[in-house]
Amino acid sequence: MLRYLFADELHKFPNLAQGMFRDRADQFKTRLGWDVHVDEKGEERDQYDDLNPLYVIWEEEDGSHGGSMRVLPTTGPVMVNEVFGHLTGGKPVHSPLIWEVTRFCLSRTASAHTAGAIMLSGGEIMEGFGLTHIAGVFDARMIRIYRLIGSSPVVLGSQGKGRDQISVGLWPYSPEDCNRVAERAGIPRELSRMWFKAAFGTVRQHRFALSA
């Protein structure tokens, strides 16, 4: 199932949180060789994890972390502006209607529909909170995954070539995309909406609004 948890709620699910940060270390440091910090617990964290972001986590049937991503509003500090702003031509992505997703992570034992489920959560977030776009940074290997899932971004800028290419993109909200991603992930929209409503209810209000 999909869980939507702010950072200050992770203590309620310690094993799930630990699995997420350790799988991030495994994916970004071990497998991809990125220059990221891994602490003495074997967990990967950065300064954006200190901003009480929203985490979307796919919880496997055994309670383990299958995959996840981190969400922050572009009205505050975000990677697309502070780290990769040069890829957007010096034009910051800054709008209460655009949130950033980063640290898209899959465990080595993730089930087949995990990536699609996490992408589907982006559509639920846009629909539920009335957003127009999701912004994100991605590497070349993700392009094929996005196509298979059924939701590809509009690329704002890239650097590098081949497997080393890094891009910044925007995913516009589209109900058709949401339904297509849900179908390919094998998750009924009714179930996906139920997971979202269990976390936020039906009111378009969110804790990010307090600091936007």
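This report walks through a predicted model, from its sheet to its helices and a few single residues.

## The sheet as a whole

Let's start with the sheet. Strands of a sheet pair through backbone hydrogen bonds, either parallel or antiparallel. In this model, seven strands form an open sheet with mixed pairing, and their order is E1-E2-E3-E4-E5-E7-E6. Notice that E7 comes before E6 in that order.

Which strands stand at the edges? They are E1, residues 2–6, and E6, residues 154–159. Each of these has a single partner strand, so one of its sides has no neighbour in the sheet. From one strand to the next, the twist averages 25 degrees.

## The edge at E1

Strand E1 pairs with E2 through five bridges, in the antiparallel sense. To find this pairing in the structure, look for leucine 2, whose bridge partner in E2 is tryptophan 58.

Although E1 stands at an edge of the sheet, four of its five residues are buried, so the strand is largely enclosed by the rest of the structure.

## The other end: E5, E7 and E6

Now move to the opposite end of the strand order. Strand E5 (residues 133–139) and strand E7 (residues 166–172) run antiparallel and are joined by seven bridges. One place to spot this is aspartate 139, which stands opposite isoleucine 166 in E7. Helix H4, residues 141–149, packs on the sheet and touches E4, E5 and E7. The direction of H4 makes about 135 degrees with that of E5.

E7 is also joined to E6, by five bridges, and these two strands run antiparallel as well. Here valine 154 stands opposite leucine 170 in E7. E6 and E7 form a hairpin with six residues between them. In the turn you can find glycine 160, which has a positive phi of about 85 degrees.

## Helix H3

Helix H3 covers residues 114–129 and lies across E1, E2, E3, E4, E5 and E7. It runs at about 165 degrees to E4. How many residues does H3 have, and how far does it reach? It has 16 residues and reaches 23 Å from its first C-alpha to its last, close to the 22 Å expected at 1.5 Å a residue.

Is H3 largely enclosed or left open? Of its 16 residues, 15 are buried, so the rest of the structure largely encloses this helix. After H3 comes glycine 130, with a positive phi near 70 degrees.

## How H3 meets H4

Two packed helices are described by the angle between their axes and the distance between the axes. For H3 and H4, the angle is about 80 degrees and the axes are 10 Å apart. The two helices are therefore roughly perpendicular to each other.

Which residues make the contact? H3 brings Ala115, Gly116 and Met119, while H4 brings Ile145, Tyr146 and Ile149. Sorted by type, the residues of this contact are five nonpolar, one polar and no charged.

## Two residues and their surroundings

Leucine 16 is in helix H1, which spans residues 14–31. With a relative accessibility of 4%, leucine 16 counts as buried. Not counting residues up to four places away in sequence, it touches Arg3, Ile57, Glu59, Gly63, Ser64 and His65. Its C-alpha atom is 30 Å from that of serine 174, which is 158 residues away along the chain.

Valine 137 belongs to strand E5. This residue is partly exposed, with a relative accessible area of 23%. Leaving aside neighbours within four places in sequence, valine 137 is in contact with Val80, Phe84, Val101, Ile166, Ser167 and Val168. Measuring from C-alpha to C-alpha, valine 137 and valine 83 are 9.9 Å apart in space, with their positions 54 residues apart in sequence.

## Positive phi without glycine

Finally, look at two residues that are not glycine but have a positive phi. Asparagine 52 has a phi of about 55 degrees. It lies in the loop between H1 and E2 and is partly exposed, at 24% relative accessible area.

Arginine 103 has a phi near 55 degrees. This residue is found in strand E4. Is arginine 103 buried or exposed? It is buried, with a relative accessible area of 11%.

Terms used. Residues are numbered from 1 along each chain as its sequence is written. This is a predicted model: local features need pLDDT of at least 70, side-chain atom pairs count only at pLDDT 80 or more; totals for chains, interfaces and linings use all residues. Side-chain values use heavy atoms; hydrogens and water are left out. Two strands pair if DSSP finds at least two bridges between them. Axes are lines fitted to C-alpha atoms, for helices over the stretch in contact, and angles run from 0 to 180 degrees between N-to-C directions. Contact means heavy atoms within 4.5 Å. Buried means under 20% relative accessible area, exposed over 50%, partly exposed in between (1.4 Å probe, protein chains only). Angles under 35 degrees count as roughly parallel, over 145 as roughly antiparallel, 65 to 115 as roughly perpendicular and the rest as oblique. Ala, Val, Leu, Ile, Met, Phe, Trp, Tyr, Cys and Pro count as nonpolar, Asp, Glu, Lys and Arg as charged, and the others, Gly among them, as polar. The expected span of a helix is 1.5 Å times one less than its number of residues.
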